[in-house]
Amino acid sequence: MARVGSRPQPGRKRGDGLRVLIVEDNPEMRRLLKRLLADLAAEVAECDDGGGALQAYRDCQPDWVLMDIEMKVTDGITATRQIRAVFPEAKVFIVTNHDNPRLRQAARQAGACHYLLKDDLLEVRRLLQSRG
């Protein structure tokens, strides 16, 4: 699926902070993540399915990708593998509702840096702040 959008946050210019790509099929969760990162990210790009994640990554060259697992067309594990195959330096956080050891292992094997649960989104913020 196509990239939903990308724009610098109000009052910020490119280069003034992190560039983040959110790959998430739920528009409410995308909005929540954008609000959570508003003061950390200079630019937030969005993609509503893993199928468009590689192109969105090419377009915006983010510092970090926040990737859901369960999406309609292409899942986040597959999308992470695709991004990392072309951009081995890509840093992907899996952000999901699924606390499943097999999915955690699959995410690691696909090249994800972290596996975080949506019930603790503040951890996403803490990790981005510490690694910014």
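Met29 is found in helix α1, which spans residues 27-36, helices here being DSSP runs of H or I of at least four residues and strands being runs of E of at least two, both numbered from the N terminus. The model is a predicted one, in which local features need pLDDT of at least 70 and side-chain atom pairs count only at pLDDT 80 or more, while totals for chains, interfaces and linings use all residues. Residues are numbered from 1 along each chain as its sequence is written, and side-chain values use heavy atoms, with hydrogens and water left out.

With a relative accessible area of 15%, Met29 is buried, a class that covers values under 20%, whereas exposed means over 50% and partly exposed lies in between (1.4 Å probe, protein chains only). When residues up to four places away in sequence are not counted, Met29 touches Glu24, Lys118 and Leu121, contact being defined as heavy atoms within 4.5 Å. Of these partners, Lys118 is 89 residues from Met29 in sequence, yet the two lie 9.1 Å apart in space, C-alpha to C-alpha.

Helix α1 packs with helix α5 (residues 121-131) at an angle of about 45°, the axes being 10 Å apart; such axes are lines fitted to C-alpha atoms, for helices over the stretch in contact, and the angles run from 0 to 180 degrees between N-to-C directions. The two helices α1 and α5 are therefore oblique to each other, since angles under 35 degrees count as roughly parallel, over 145 as roughly antiparallel, 65 to 115 as roughly perpendicular and the rest as oblique. The crossing of α1 and α5 is right-handed, in the sense that the near helix is turned clockwise from the far one by less than a right angle. On the α1 side the contact involves Met29, Leu32, Leu33 and Leu36, and on the α5 side Leu121, Leu122 and Arg125. By class, six residues of this contact between α1 and α5 are nonpolar, none is polar and one is charged, where Ala, Val, Leu, Ile, Met, Phe, Trp, Tyr, Cys and Pro count as nonpolar, Asp, Glu, Lys and Arg as charged, and the others, Gly among them, as polar.

A second helix pair is formed by α2 (residues 53-60) and α3 (residues 76-86), whose axes come within 9 Å and cross at roughly 40°. That angle makes α2 oblique to α3, and α2 passes α3 in a right-handed crossing. Ala53, Leu54, Tyr57 and Arg58 of α2 meet Ala79, Gln82, Ile83 and Val86 of α3 in this contact, which comprises six nonpolar, one polar and one charged residues.

Helix α3 also contains Ile77 and Thr80. Ile77 counts as buried at 7% relative accessibility, and Thr80 counts as buried at 1%. Leaving aside neighbours within four places in sequence, Ile77 is in contact with Ile69, Leu103, Ala106, Ala107 and Ala110, and its C-alpha atom is separated by 9.7 Å from that of Arg104, 27 residues apart along the chain. With the corresponding exclusion, Thr80 touches Met67, Val92, Ile94, Ala110, Gly111 and Ala112.

For the chain as a whole, five helices and six strands are assigned, in the order β-β-α-β-α-β-α-β-α-β-α from the N terminus on. Of the 132 residues, 47% count as buried. Among contacts with a separation of 6 or more, 68% are between residues 24 or more positions apart. The chain exposes about 6,600 Å², of which carbon and sulfur atoms supply 48%, as given by the Shrake-Rupley method with a 1.4 Å probe.
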